[in-house]
Amino acid sequence: MRKSVNRVWRRVMANKLISEMGLPKSIANIFAARNIHTAKDALSLTEFELMELLDVGLAEVTTAVSSISEISCPPYQTALSLLEQRMHNEHLAGHLPTRLKGLDAALCGGIPFGVITELVGPAGIGKTQFCLKLSLLASLPSSHGGLDGHVVYVDTESKFSSRRMIEIGVNSFPEIFQIEGMAQQMAGRILVLQPTTPTEFSECLQKIKDSLLQHHVKLLVIDSMAALVSGDGQGQCRQHPLGWHMTFIKSLAEFSRIPVVVTNQVRSHSGDDPFHYSFQDSRQNLDFPTTFDSHLVAALGIPWAHAVSIRLVLESKSGQRFIKVAKSSMSPPVAFTFAISASGISLLHDDGIEMTGPEINAICGQVLKHFNVASSINDAHNIKYFRDFEVTVVYSIKNWSFRVVCG
Amino acid sequence: MEVSSLPISASHRAKLISAGYISISSLSSISPAHLARDLGISENEATGILKVASQRGGPERTIPSHHSIVDGAQTAWDMLHEEESCRRITTSCADLDDILGGGISCKEVTEIGGVPGIGKTQLGIQLAINVQIPLEYGGLAGKAVYIDTEGSFMVERVQQVAEACIKDMQEYDSFLRKDLPARQVNLQANDFLANIYYFRICSYTEQIAVINYLEKFISEHKDIKVVIVDSITFHFRQDFDDMALRTRLLGGMALKLMKLAKKFTLAVILLNQVTTKYSGGSFQLTLALGDSWSHACTNRIILYWNGNGRYAHIDKSPSIRSASAPYAVTGRGIRNLASNCKRVKLILRARLAHDEHICRSLI
């Protein structure tokens, strides 16, 4: 608890008051007289501007600025102590294992704490399935490798299916779920929020921030981000609504040290998407977007792509589904084949395929036959795209099951 | 020289001018008491003003090197000596080192930008490790400061890169010194981690504060040879309505970093993000933070995708010609795109270059 309080305190470093910094009385009074109260106010002016404003000599200004900077600067630590701290305080040195062996090995243990992990792919590829499985894994007791905590699931497209989640649980961890009342306890740890407008979404995020510290929330899932926030318009306008959400979610992840998983949609590559710099001669370069059929790009734009720390691309090509580690500072670019079954997502091979070229970032979505799974309960919103392979979708509801086979 | 250019407070300046002291030479032979009376200020303040004035224009200022025509200047010949003896930090990729003239220069600010996922943080981590390579392996035996504004510093990855670096040094040892008894590399990955000073920055105020504080920090930790800021852009990209303020703050930061690089002979590496701009009828990629920022850094390297691989392009440098080289991001860090056996050659090359230079300077 003390650790998280420390981080909250650090959040307001920028707002540290000059009057409380222990500067010599004379200069502190001059700052106050000119309405410069916080570190942010003082450091937003250059030294010459301060000299003009405060009417003092350069030497005094330099000394004051360097004292203010030293006090407002966050403390340093060596990379070694950072590692030791994480290994000591956090589950698996700050990772949530996905139980997909190959992926966990690539990610040095699992989904990392404290940063945003993005799942991007075409509709129906399995992003929500992945999120459901992760939610379950986070709520499991630590004796079974879980984080033993609450999960906040922000569902903006009404895709959350608790029945499907229980089904994944029953099939993946039968020994837990067969115990009386366990299913209820696990499901009781997952809190689902379903905002329907961008304003509600922003309010949701504020509420989450407030409750993160008080309750043992161990995972935040936002499925999906793109539904309520627009990131890129044609021409990349400088101020887009995503900016605030991006920094907010990033700082939430950072100060609470929990994994944050966000799903993102795709859109088709338009002629305006830039791929080249001015020094590149566009004639000679292989225009790789056109070599893949129905090439797609991630929504939400370039600033969002910079803000996420891990980007997992899910795509399907020639009847095979792939999950690719497209952006990760700790993994080589590697792809795994996967399938969706009753127990959620599973990898077909734990050895990934290393991809050294730009195709690691490409998203291929061979959009195929439209199939509407209309089960008798409120899962009618599940629309899946299939072709050329059979899928058995089983929903077990209490004592009767509903089986759908499509081919 | 004019009094108006002296770094003194505005009211003192105004008083000087209204009392008739317009040039600095007019202050050269006046006593503090006399000045205090003329301006109506205390004698202490007058002494202060005269001290500043004498530092600016005095002819009796001690000149560090031999006699120069303009005070404080260095001759190009002296600078040539300095430039040649300037160490460079290897990037572990021989092709990249080649186009950089041996590696990242240790007295300048280098900006490295690219699309997300191209390997900027990877390169930053590689350099933070490579600066620590001991002198006998052609390295600088220095320490690193890593300023993380985005939370992209993953310790597990740093461990991986450190371990791979140690293995490389071992291989180099056995390759080069095969007729001598085997020498153990007495380093562990954790030793490398202990020499990286990590700052986590959460707002632009903290970013400015840490850059201001670095001067004091580095004078207390003299063996720091590289400062990496990952990324310089993040906190300046959103929240800024006042673009003029942003430009001023960025300019101030760039100047301070340049001063740091020169004063302590260290490499400053700034990682930048990309944005799009409309030019020549189409949208193109360009580094973020605007046109005025693009003038601020001495060197600029752009990492980009070309065909099937990652390339680095030297976009701007006063001393190196513009060129591109391929590189790869592997489990061991940044390496050559070509086969692995070049790994040993690159360390060997660095060592030979160093030896060659020592021979040259003895002549």
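Reader: How many helices and strands are in chain A, and what makes a run count as one or the other?
Author: In this predicted model, chain A has 14 helices and 20 strands. A helix here is a DSSP run of at least four residues, and a strand a run of at least two.

Reader: What makes residues 77-78 of chain A a strand?
Author: Strand S1 of chain A covers residues 77-78. A strand needs at least two residues, so this run qualifies.

Reader: How do you know that S1 of chain A pairs with strand S5 of chain B?
Author: The two strands share 2 bridges in the antiparallel sense, S5 of chain B being residues 196-200. Pairing requires at least two bridges, so the condition is met. In S5(B), B:Tyr198 is the bridge partner of A:Gln77.

Reader: What sheet does this pairing belong to, and why is S1 of chain A called an edge strand?
Author: The sheet is open and has 10 strands with mixed pairing, in the order S1(A)-S5(B)-S4(B)-S6(B)-S7(B)-S3(B)-S10(B)-S11(B)-S12(B)-S13(B). S1 of chain A and strand S13 (333-335) of chain B each have a single partner strand, so one side of each is left without a neighbour in the sheet. S13(B) pairs with strand S12 (residues 324-330) of chain B over 3 bridges, in the antiparallel sense. There, B:Ala328 stands opposite B:Arg335.

Reader: Why is A:Gln77 called partly exposed?
Author: A:Gln77 has a relative accessible area of 22%. Buried means under 20% and exposed means over 50%, so this value falls in between. Leaving aside residues up to four places away in sequence, A:Gln77 touches A:Leu82, A:Gln85, B:Ile196, B:Tyr197 and B:Tyr198.

Reader: What makes the pair A:Gln77 and A:Ser81 a polar contact?
Author: The side chains of A:Gln77 and A:Ser81 are joined at 3.2 Å. The limit for N or O atoms is 3.5 Å, so the distance fits.

Reader: Why is the link between B:Arg200 and A:Glu254 called a salt bridge?
Author: The N to O distance between these side chains is 3.0 Å. An Arg nitrogen has to lie within 4 Å of a carboxyl oxygen of Asp or Glu, so the pair qualifies. The count between chain B and chain A is 4 salt bridges, and 17 residue pairs are in polar contact across the interface.

Reader: Which helix of chain B gives the most to the side that touches chain A, and what residues make up that side?
Author: Helix H9 (residues 204-220) of chain B gives the most, with 10 residues. By class, that side of chain B has 36 nonpolar, 26 polar and 15 charged residues. The contact takes 77 residues from chain B and 72 residues from chain A. Between them the chains bury about 6400 Å², with 62% of it on carbon and sulfur atoms.

Reader: Is A:Arg257 buried or exposed, and what is its phi?
Author: A:Arg257 has a relative accessible area of 12%. That is under 20%, so A:Arg257 counts as buried. Its phi is near 55°, a positive value in a residue other than glycine. A:Arg257 is found in the loop between H13 and strand S8 (260-264) of chain A.

Reader: Why is A:Ser158 called partly exposed?
Author: Its relative accessible area is 40%. Partly exposed lies between the 20% and 50% limits, so A:Ser158 belongs there. A:Ser158 also has a positive phi, about 55°.

Reader: Where are cis peptide bonds found, and what is omega there?
Author: One joins A:Asp223 and A:Ser224, with omega about 0°. Another joins B:Asp230 and B:Ser231, with omega about -5°.

How values were computed:
Residues are numbered from 1 along each chain as its sequence is written. Chains are lettered from A and ligands numbered from 1 in the order in which they are written. This is a predicted model: local features need pLDDT of at least 70, side-chain atom pairs count only at pLDDT 80 or more; totals for chains, interfaces and linings use all residues. Side-chain values use heavy atoms; hydrogens and water are left out. Contact means heavy atoms within 4.5 Å. Buried area is the accessible area (1.4 Å probe) that two parts lose on being put together, summed over both. A polar contact is a pair of N or O atoms within 3.5 Å; within protein, one must be able to donate a hydrogen and the other to accept it, and residues adjacent in sequence count only if both atoms are side-chain atoms. Ala, Val, Leu, Ile, Met, Phe, Trp, Tyr, Cys and Pro count as nonpolar, Asp, Glu, Lys and Arg as charged, and the others, Gly among them, as polar. Buried means under 20% relative accessible area, exposed over 50%, partly exposed in between (1.4 Å probe, protein chains only).
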